[in-house]
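Trainee: I'd like to learn how to read pockets and sheets in a model. Could you walk me through them?

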Amino acid sequence: MKIIQTPVRFYPFIGGVEQYVYYISRQLAKYDDCEVKVICANEPDTIPEETYDNIEIKRLNYYTKVANTNVTLSLPSTLYNESFDIIHTHIPTPWSSDWSNIIARAKNKPLVVTYHNDIIGEGIANYIAKFYNATALKLLLSRADRIIITQDDYINSPHLKGYEDKIVTIPNGVDTEIFKPTQKPRTENQIFFLSVLDQFHKYKGLDYLLEALVNVKEVIPDVKLVVGGKGELLEFYKSEVSRLNIEDNVEFVGYLTNEEVLEYYTTSSLFILPSISSLQEGFGIVVLEALACQTPVISTNIVGVADDVISTNSGIIVKPKDTPMLSEAIIKILSNPLLQQKMGENGRRLVKEKYEWKNIAKSIHDLYEELL
């Protein structure tokens, strides 16, 4: 099977969809009958072509970005000139998805779409999103051979109505051989947050976490929030930290390598993803990664793993935008080392039983075989 993945960006770019494509591609490349190639935008600027973890990567120059999508003008001809058996593309990033659809149809090859979350925007971007959803997205979904959603609730998206017969739920996952606890000691009262710090990713809820930290600081004065990631809103968040008078309690560490991310997961006492938009938060892979590292988590009830976190007591799930509830949850976990240990053990067990990438990749491999 010659498989082409068309995320808008790929490793070393860090993001939910990028991580998803990286790990399924990495696992699929281990199959004797699979060749995996990723075609994406060259962001961040790096080697145009390379093989990494047995994945062929071709990165194309882009000339502008519309919302969160890089416009790679050479994508249509590049895809058309490739030899492939199946294309797997990803929403919520048009352009790469739409051209994948067009080329798959032109070459009479199957198209798989992973629908990570709805496409929405603010201001003018919202009007553009509505127009796209009413036109090109309908064309894409109607012609897709299979649509993967990562959590059952997403079948309720208004944009997926009428396509139920070709929708299948395959969750996100984590590689527990990479994401695992280490012998390094935990840093007491350290919280880790990881996201791209741009306008598109404001739905990750960092604003609310910073506000909650003000309340936590009154009970735990030495609480420390480590914020991983960079973007055009970095200065905005720094100004918020200054306004809230929590400069001594927040550290912005910028872009992190995979190794550095892993270190913060394993040495922090708590990981938090306080997402606020069910339309934009597809699953929350970072929550799984933290759980695999035996780190308790706090997140909101819109992430894909929320129900499992509750049922296994692997962390605390709060309502979106509920700052007092978020504050109480942080204090509860940080104030109880035994609870941290128990939640961490429960989370690691949950991931190993249900969310291993190798099992998820097998489901995708089987889906490809069925289509072919």
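Mentor: Gladly! Let's settle some vocabulary before we start: Ala, Val, Leu, Ile, Met, Phe, Trp, Tyr, Cys and Pro count as nonpolar, Asp, Glu, Lys and Arg as charged, and the others, Gly among them, as polar. Keep in mind that this is a predicted model.

Trainee: How do the residues lining the second largest pocket divide into nonpolar, polar and charged?

Mentor: That lining has 16 nonpolar, 7 polar and 6 charged residues.

Trainee: And how does one find such empty space to begin with?

Mentor: The general idea is that rolling a probe the size of a water molecule over the atoms shows where empty space is left. Here, the second largest pocket has a volume of about 720 Å³. It is lined by 29 residues, and A67, N68, I120, A125 and F200 lie nearest its centre. Two or more lining residues come from each of β5 (64–66), β6 (69–71) and α4 (124–134). The largest share belongs to α4, with 5 residues.

Trainee: What volume does the largest pocket have, and which residues lie nearest its centre?

Mentor: Its volume is about 870 Å³. The lining counts 50 residues, with F13, I14, G15, G16 and V196 nearest the centre. By class, that lining holds 20 nonpolar, 20 polar and 10 charged residues.

Trainee: Which helix gives the most to the lining of the largest pocket?

Mentor: That is α1, with 4 residues. The elements supplying at least two residues each include α1 (16–28), α8 (258–267) and α9 (285–292). Remember α8, since we will meet this helix again.

Trainee: Now the sheet, please. What should I look for?

Mentor: In general, strands of a sheet pair through backbone hydrogen bonds, either parallel or antiparallel. In this model, an open sheet of 6 strands follows the order β13-β12-β11-β14-β15-β16, with parallel pairing.

Trainee: Why is one side of β13 and of β16 left without a neighbour in the sheet?

Mentor: Because β13 (250–254) and β16 (315–318) stand at the edges and each has a single partner strand. On average, neighbouring strands in this sheet are turned by 20 degrees against each other, direction ignored.

Trainee: How many bridges join β11 to β12?

Mentor: There are 5 bridges between β11 (residues 187–194) and β12 (residues 224–228), and the two strands run parallel. To find the register on screen, locate Q190, which stands opposite K224 in β12. Back to our helix: α8 packs on the sheet, touching β11, β12, β13 and β14 (268–273). The direction of α8 makes about 135 degrees with that of β11.

Notes: Residues are numbered from 1 along each chain as its sequence is written. This is a predicted model: local features need pLDDT of at least 70, side-chain atom pairs count only at pLDDT 80 or more; totals for chains, interfaces and linings use all residues. Side-chain values use heavy atoms; hydrogens and water are left out. On a 1 Å grid over the protein atoms alone, a cavity is a set of points where a 1.4 Å probe fits but cannot get out, and a pocket is an open set with protein on both sides within 12 Å along at least five of seven lines; lining residues have an atom within 4 Å of a point. Grid points are joined across faces, edges and corners, and a volume is the space filled by probe spheres set on the points. Two strands pair if DSSP finds at least two bridges between them. Axes are lines fitted to C-alpha atoms, for helices over the stretch in contact, and angles run from 0 to 180 degrees between N-to-C directions. Contact means heavy atoms within 4.5 Å.
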